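Here are my comments on the model you sent. Please read them with the coordinates open.

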Amino acid sequence: MKNKETSKYPFKRGNAKKPSQKRIDKVKDRDLSSFHYMTAYATVPWNHWGFGPVMKYVFGTVVFKFFLPQYFEKIHLLHIPVKHVDHELDEKVPFRTDRLSIYMDFVNVWIRPITMLIHRYGIWNGSKLAGEYLCYIRLAYEEAWKMYKKCFTTTYRPASDNPKILRLRRADPHYMCVPSLHISIVCLCFSFYRMLFEREGFTEEEKQKWNKELFSRAIEIGETVLYIKQHSVNCIPAALYMLTRITPEFFTPEQATEFIDALFVNANNVSEENKKRIHSHINFMYERLLLEGTMEDDWTVPVMRWLENYEPHTPSYE
């Protein structure tokens with residue numbers, strides 16, 4: 001029989017032994033960005049607690065329910081309908097190729113906290129917690145696939161002669177926009193660790209420092225997917241709604257609203273009027289999906305209903 005905590009956190013993989021004060025002291029003053037992602041790659045997949053979640057995530061989900069379906073669609077081996085989801089507000093956010101490095105760092109944003117866990121807890125206990133997080137990431141991909149297999153979604157992207165942008169576009173078929181997994185994963189990251197820091201008894205210093213950093217990085221990625229036109233403003237509320245439905249144990253409507261309202265707050269290249277319009281649109285669509293979803297067991301139903309009825313905007317750069 002499952003205990004109360006296991007029932008609340010279905011992917012919890014055993015209790016992690018509290019680390020020594022010496023270990024805590026070694027990491028508590030460090031920024032998460034200072035932890036090298038290679039430590040996680042070199043340790044987590046190669047032990048009892050991490051091997052299963054890593055293999056299932058990479059080969060069971062990412063390969064077969066994210067990358068391959070898009071390439072098969074591109075070469076016409078799959079025939080899933082593809083619909084544009086652009087919105088007029090997308091043009092209010094400038095196209096910024098200088099943000100590409102932030103976009104390309106997306107995976108390492110959630111890998112570095114795993115390295116922190118390895119340093120703070122040691123490989124064995126740190127991998128227990130890392131494995132739990134990987135199970136949640138896999139869940140996000142699996143749930144997003146429920147939408148993608150019904151209808152692929154895409155956005156128009158401005159012409160560019162930037163070599164790095166061109167390489168990205170050649171590698172990315174760009175058929176899985178709604179819901180945005182970029183948004184889902186970075187919000188999963190900051191909200192999961194908020195929960196974990198409380199549940200596992202992290203120090204107040206660690207919680208304040210790392211919660212702030214994870215949230216600011218989530219906002220940075222959220223803005224960047226719009227700056228480089230990999231997503232539309234319409235991709236964000238669907239991602240937040242999905243996360244609210246599939247991980248209610250730590251991602252709440254309040255956190256979704258907190259994320260939405262923080263987008264572009266410090267941006268000097270988006271007007272105050274357009275910031276308000278972007279916030280209002282994303283909040284309205286999120287609340288609409290949330291309200292309609294209360295009547296459905298399947299979270300995808302209101303998103304598919306919106307998608308079927310949506311008339312996409314064709315931007316001037318198309």
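The points below take backbone geometry, then the enclosed space, then the open pocket.

1. Status of the model. This is a predicted model. Please keep that in mind when reading each point below.

2. The cis peptide. Val178 and Pro179 are joined by a cis peptide bond. Its omega is about 0°. Pro179 sits in the loop between helix H8 (163–171) and helix H9 (181–199).

3. A second feature in that loop. His174 also lies in the loop between H8 and H9. Its phi is positive, about 70°, although His174 is not a glycine. Is His174 buried or exposed? Its relative accessibility is 4%, so His174 counts as buried, the cut-off being under 20%.

4. The other histidine. His76 is not a glycine, yet it has a positive phi of about 70°. His76 belongs to the loop between helix H4 (48–74) and strand E1 (82–84). The relative accessible area of His76 is 58%, so this residue is exposed, the cut-off being over 50%. Set the two side by side when you check the backbone: His76 is exposed, whereas His174 is buried.

5. The cavity. How many cavities of 30 Å³ or more does the structure hold? There is 1. The space in the largest cavity is about 70 Å³.

6. Cavity lining. Leu32, Ser33, Asn108, Val109, Arg112, Pro113, Glu213, Leu214 and Arg217 line the largest cavity. Helix H6 (106–121) and helix H10 (204–227) each contribute at least two residues to this lining. H6 gives the largest share, 4 residues. By class, the cavity lining has 4 nonpolar, 2 polar and 3 charged residues. The charged residues are Arg112, Glu213 and Arg217.

7. The pocket. The volume of the largest pocket is about 790 Å³. Its lining comprises 35 residues. Which of them lie nearest the centre of the pocket? They are Phe66, Phe67, Phe106, Val107 and Tyr141.

8. Elements around the pocket. Helix H3 (37–43), H4, helix H5 (100–104), H6, helix H7 (123–148), H8 and H9 each supply at least two lining residues. The largest share of the pocket lining, 7 residues, comes from H4. H6 therefore deserves a look in both settings: H6 supplies at least two residues to the cavity lining and at least two to the pocket lining.

9. Character of the pocket. The lining of the largest pocket divides into 27 nonpolar, 7 polar and 1 charged residues. For the largest cavity, the corresponding figures are 4, 2 and 3.

Notes: Residues numbered from 1 in each chain as written. Predicted model: local features only at pLDDT ≥ 70, side-chain atom pairs only at ≥ 80, totals over all residues. Heavy atoms only, no water. Buried < 20%, exposed > 50% of the residue type's maximum accessible area, 1.4 Å probe, protein only. 1 Å grid on protein atoms, 1.4 Å probe; cavity = no way out; pocket = protein on both sides within 12 Å on 5 of 7 lines; lining within 4 Å. Points joined across faces, edges and corners; volume = space filled by probe spheres on them.
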